[in-house]
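Hi,

Here is the structure I promised to pass on. Have a look at it first, and my notes on what turned up follow right below.

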Amino acid sequence: MRRSLVEAIERETDLTVCGQAEDAQEALAAIMSIKPDIVLTDIELKSSSGLDLIKSLRAQTPMLPIIATTMFDGLQNERLAWAAGASGFVSKDDGPEKMIATVHDVLRKSKEPNESA
């Protein structure tokens, strides 16, 4: 699944995959080093939780856009992702086109001026 998603992202002229990780600790280290414009994380990581990753990222980089995804129990996991601090959510069942559209939408919203400021 990750390979097809990476291929879909790489086909976009305005998006580039700058890193990949299998667990939250590896991802957190890479994100802090690479400083991407957006993070896409699965809720179910190899030996950890993507929800924990979202919470850690939110604490360390509050403005970083984060999209959560999963293919398990979409509605419950979507609620958990929002509660953890995700900026967006998309089910893997929705396919790569929806995933790319969500990435573009979250990136666009992250660049809009904050209306509450």
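Start in helix H5, where Lys109 and Asp105 sit 4 residues apart, about one turn of the helix. The two form a salt bridge, with the closest N and O atoms 3.2 Å apart. Both ends are partly exposed: Lys109 has a relative accessibility of 48%, and Asp105 comes in at 27%. The pair is also part of something wider, since salt bridges that share partners join Asp105, Arg108, Lys109 and Glu112 into one network. Please keep in mind throughout that this is a predicted model, so every value here is computed from predicted coordinates.

In total the structure holds 5 salt bridges. As you know, side chains of opposite charge can pair when their charged atoms come close. Two more of these pairs deserve a look, and both reach across the sequence.

One is Lys92 with Asp42, where the closest N and O atoms are 2.2 Å apart. Lys92 is in the loop between strand S3 (88-91) and helix H5 (95-111), while Asp42 is in strand S1, so this salt bridge ties together parts that are 50 residues apart in sequence. Are these two residues buried or exposed? Lys92 and Asp42 are both buried.

The other is Glu22 with Lys46, at 3.2 Å between the closest N and O atoms. This one links distant parts of the chain, 24 residues apart: Glu22 belongs to the loop between helix H1 (2-10) and helix H2 (24-34), and Lys46 to the loop between strand S1 (39-42) and helix H3 (50-60). As for accessibility, Glu22 is partly exposed at 37%, whereas Lys46 is exposed at 66%.

Now the overall picture. The chain has 5 helices and 3 strands, and going along the sequence they follow the pattern α-α-β-α-β-α-β-α. The radius of gyration is 13 Å, close to the 13 Å that the globule rule gives for 117 residues, so the chain is as compact as a globular protein of that length. If you want box dimensions, the C-alpha trace spans about 40 × 30 × 30 Å along its principal axes.

A few other totals may be handy:

- Of the 117 residues, 40% count as buried.
- Taking contacts between residues at least 6 apart in sequence, 53% join residues at least 24 apart.
- The accessible surface is about 7,200 Å², and carbon and sulfur atoms account for 51% of that.
- There are 13 positive and 19 negative side chains, with the centres of the two sets 2 Å apart.

Next, some individual residues. Which residues does Val90 touch, leaving aside its neighbours within four places in sequence? The contacts of Val90 are Ile67, Ala68, Thr69, Thr70, Lys98, Met99 and Thr102. Val90 is found in strand S3, and with a relative accessible area of 1% it is buried. One of those contacts, Thr69, is 21 residues from Val90 in sequence, yet their C-alpha atoms are 5.2 Å apart in space.

Leu5 is at the other end of the numbering, in helix H1. Leu5 counts as buried because its relative accessibility is 16%, which is under the 20% cut-off. Not counting residues up to four places away in sequence, Leu5 touches Leu40 and Met99. That makes Met99 a contact of Leu5 as well as of Val90. Leu5 and Ile100 are 95 residues apart along the chain, with 8.7 Å between their C-alpha atoms.

For a pair with another spacing, take Asp52 and Ala30: 22 residues apart in sequence and 15 Å apart in space, C-alpha to C-alpha. Asp52 lies in helix H3 and is partly exposed, at 44% relative accessibility.

One last backbone detail, about Lys35. Lys35 has a positive phi of about 55 degrees although it is not a glycine. Where does Lys35 sit? Its place is in the loop between H2 and S1, and with a relative accessibility of 62% Lys35 counts as exposed.

Cheers

Notes. Residues numbered from 1 in each chain as written. Predicted model: local features only at pLDDT ≥ 70, side-chain atom pairs only at ≥ 80, totals over all residues. Heavy atoms only, no water. Salt bridge = Lys/Arg side-chain N within 4 Å of Asp/Glu carboxyl O. Helix = DSSP H or I, 4+ residues; strand = E, 2+ residues; numbered from the N terminus. Buried < 20%, exposed > 50% of the residue type's maximum accessible area, 1.4 Å probe, protein only. Rg over C-alpha atoms; globule rule 2.2 N^0.38 Å. Contact = heavy atoms within 4.5 Å. Areas by Shrake-Rupley, 256 points an atom, 1.4 Å probe, with all protein chains shown as cover. Lys, Arg positive; Asp, Glu negative; His and termini not counted. Charge placed at Lys NZ, Arg CZ, Asp CG, Glu CD.
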